[in-house]
Amino acid sequence: MPRVTRRNFLASASAAAAAQPAPLSPLTLWYRQPAKTWTEALPVGNGRLGAMVFGGVETERIQLNEDTLWSGAPKDWNNPQAKAVLPEVRRLVMEEKYEEADKLCTSMQGPYNQSYLPLADLHLQFSGLGPPENYRRELNLDTAIASTVFASGGATFRREVFASFPDQLVVVRLTASGNAKLNFTVTLTSPLRFEVAAAGTNGLSLTGKAPAHVDPNYHRTANPVIYDEAEGKGMRFACCLAAQNDGGRVSVAGKELRVENARAVTLYVSAATGFNGFDKAPDAAALPRALERLGQRKAYNQLRAAHTRDHQRLFRRVALNIGNPALAALPTGERLEAFKKDPSDDGLLALYFQYGRYLLIASSRPGTQPANLQGIWNESIRPPWSSNWTTNINVQMNYWHAETTNLAECHEPLFDLTDGLAANGAATARVNYGARGWCCHHNADIWRQTAPVGNFGGGSPTWANWQMSGPWFCQHLWERFLFTRDTAFLKQRAYPIMKGAAEFCLDMLIDAGQGTLTTAPSFSTENTFLTESGRKAQTSAGCTMDIALIRELFSNCIAAAELLNLDAAFRATLAASLAKLIPYQTGKHGQLMEWSKDFDEAEPGQRHMSHMYPLYPGHEFTPRRNARFWKASRVSLERRLKAGGAYTGWSRAWAICFWARLEDGEMAYESLCRLLDHSTGPNLFDTHPAGSGWIFQIDGNFGGAAAVAEMLLQSHEEELRFLPALPKAWNQGSVKGLCARNGIVVDLAWTAGKVSGYTLLSLTDQTVRIAGAGPVRLRAGVPYKG
């Protein structure tokens, strides 16, 4: 048979286009050709293991990740010098010598974080195939299975890939119809240092050792990747594969597995690392762990059924109907391009929303690491921003939709991360600041680094020295309680962490004069202001985001302690300090002031909009309370957008959430359309500008999903508000399974832009207020229809 080339592949695909079958479900991403690049491949994952499936015909690549494979090991990253210079930094700030404060702040920094790393690549090389016909590559969000189907030589060839959470394996199933046979070779490689060996007569094992250190991709150095053969200096890893054939034979020759004349083959892939805790050096047991998991494998049909049940238990909790499902018959990449010219395909927006839910299920499960900047999918040794947890919005945005879109279990890894950061952050608070409690700065990695990054002086203070991520993490703990009313969770897990963060904030407050308290040094994340002399500076006192986070944390701690009947004296201390915090202010443009002085921005279109935190994800500003600052937030947002801010990615997603809280459905819808237009790749991955190009960054996917939920249902004002930011384009539709605070699941239907029916299901007996309709009495577990 003739060799498959890209030219004859595309010619065959084009000729067969009219014969394309319709998708099995509108919840399907599908394509008429294989992926050319990593950012066109389709992701599957089980929270721990991730795979990117390219869908090649003659040559297939499946790129693999394991969520604990990072560079480095635990170390002391704290900087005692920071505490010594802190009083001088504060003096400079209060004397308005901001540039000098910037310079001195760099001496408070520590080392850069470590990097999340790729595991391996699974390569399949096929023989005996002719040009494909009726080619189709797809990802079914409802089953979490990526598949490639095509005809060749009169037979149909099907390949399925999924990552099983119950069985902790990546599974690849290959079949051929009729009398056709499968003939291919399998190899394993890795971008890291590795070795491959036979594993019996039907398997391979890849083992290696990760670097002891990897510098961030933005840090220029002569030797950015450092290996160390000493045990515990760099993570050991293993990826193991076993083949089960139906007919034909499987053999191993050297470092290659061969399949000959099989009717069907299942490849089972397991992986493990030497990670055994964030506070312990990695051990040497990666290979035994991977082999143990592989040895527990089941038959393919059992694995597939268990995987599908497990996934659908989460995914099917929510359904959204806002568009014409017939448009799903167009391949997703083509559909996206058509949307950019005519954004009337609201079904694509519904698909994007569900894709955000799918990606969280695939990248964050109980017991795994939380979703990082790229979820769990990464092919680079030096990925953008180390593919770590960036804590000044990005990792938090990853979980904005966890509670509202009924994926509470997927939220748990973020709480685990917070536990570790609180443990390590106590030393950072003490050593770097002489403070109680705990703190965390701008970046975190698997070792739970909490010190400021910057390589001891190379970072800009506005990101490297920002020390307020602890309160932001605590908001997620409090929100979990609000959504569930789980007092055991509040008492045993959330409140102790919240209290520690509040203790740190108390010790960071200083006298601002006239009986008020402020923070110094203070930074509005990643933004720069102009001093009165027109010079750029970053370090000041009492940035709005600091005050907002502290106000929220203190208020939540007081409420929690009162509910739990704990810490009366501590409550009183918090209340007294809360009353003294400097107030929010509006500036010369009528905007919400970003800094405590009405500075101009050096970059008016900055993508960070941290001063609007009280609008979202906080909820201190609403039209019914703090209306002045709610209106001023709109002015700030409009000015940011006019200057080119919130143009792409996560920043655009945040803007949609702002518009939803401003109850402006038309602007929210316009921004949502722009998110797909400007910041979405052909596989619907969110993109983000980096240097002269674009990179994948998952937070926009997650923030976009959160924004859609916020447009349809809000519950942050102790009442249910249906369709608070419904655009005219969604004149008719329905949603099922969204979650509101106080443990309520909401189904909604609407016609002509008005609610036509709703169902509420409550975890407890309670009375709930519905905006515009008054109170409703709910009984636990009994649906209430209205």
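**A guided tour of the cavities, pocket, sheet and helices**

About 170 Å³ of space lies in the largest cavity of this structure, which is a predicted model. To find this cavity, select Trp 400, Glu 479, Phe 483, Tyr 616 and Arg 741, the residues nearest its centre among the 14 that line it. Next, colour α9 (400-404) and α12, each of which supplies at least two residues of this lining. Helix α12 gives the largest share, with 4 residues. By class, the lining of the largest cavity comprises 5 nonpolar, 4 polar and 5 charged residues.

The second largest cavity, with a volume of about 120 Å³, is the next stop. Select Gln 591, Leu 592, Phe 599, Glu 601 and Arg 639, which are the closest to its centre of the 16 lining residues. Two or more residues of this lining come from each of β26 (600-601) and α16 (627-642), and the largest share, 3 residues, belongs to α16. The lining of the second largest cavity has 8 charged residues, together with 4 nonpolar and 4 polar ones. In total, the structure holds 6 cavities of 30 Å³ or more.

**The largest pocket**

Proceed now to the largest pocket, which holds about 510 Å³ of space. Select Trp 478, Asn 556, His 619, Arg 625 and His 716; of the 22 residues in the lining, these lie nearest the centre of the pocket. Then display α12 (469-484) and α14 (544-564), each of which supplies at least two lining residues. Helix α12 thus appears for a second time on this tour, as it also contributes to the lining of the largest cavity. In the pocket, however, the largest share comes from α14, with 5 residues. The pocket lining divides into 9 charged, 8 polar and 5 nonpolar residues.

**The nine-stranded sheet**

Turn next to an open sheet of 9 strands, and trace it in the order β1-β6-β7-β8-β9-β18-β15-β12-β11; the pairing is antiparallel. At the edges, select β1 (28-31) and β11 (194-198), each of which pairs on one side only. From one strand to the next, the twist averages 15 degrees.

Within this sheet, select residues 169-176 (β9) and residues 264-273 (β18), antiparallel strands joined by 6 bridges. Arg 173 stands opposite Thr 266 in β18. Add helix α4 (residues 286-295), which packs on the sheet and touches β9, β12 (203-209), β15 (236-246) and β18. The direction of α4 makes about 145 degrees with that of β18.

**A hairpin**

Select residues 509-513 (β22) and residues 516-519 (β23), which pair in the antiparallel sense over 4 bridges. Leu 509 is found opposite Thr 519 in β23. The two strands, β22 and β23, form a hairpin with 2 residues between them. In the turn, examine the backbone of Gln 514, which has a positive phi of about 55 degrees.

**Two crossing helices**

The final stop is the pair formed by helix α2 (residues 80-94) and helix α10 (residues 408-433), whose axes come within 6 Å and cross at roughly 50 degrees. Because of this crossing angle, α2 is oblique to α10. To view the contact, select Pro 80, Ala 82, Lys 83 and Leu 86 of α2 together with Arg 430, Val 431, Asn 432 and Tyr 433 of α10. By class, these contact residues are 5 nonpolar, 1 polar and 2 charged.

Methods:
Residues are numbered from 1 along each chain as its sequence is written. This is a predicted model: local features need pLDDT of at least 70, side-chain atom pairs count only at pLDDT 80 or more; totals for chains, interfaces and linings use all residues. Side-chain values use heavy atoms; hydrogens and water are left out. Axes are lines fitted to C-alpha atoms, for helices over the stretch in contact, and angles run from 0 to 180 degrees between N-to-C directions. Angles under 35 degrees count as roughly parallel, over 145 as roughly antiparallel, 65 to 115 as roughly perpendicular and the rest as oblique. Contact means heavy atoms within 4.5 Å. Ala, Val, Leu, Ile, Met, Phe, Trp, Tyr, Cys and Pro count as nonpolar, Asp, Glu, Lys and Arg as charged, and the others, Gly among them, as polar. On a 1 Å grid over the protein atoms alone, a cavity is a set of points where a 1.4 Å probe fits but cannot get out, and a pocket is an open set with protein on both sides within 12 Å along at least five of seven lines; lining residues have an atom within 4 Å of a point. Grid points are joined across faces, edges and corners, and a volume is the space filled by probe spheres set on the points. Two strands pair if DSSP finds at least two bridges between them.
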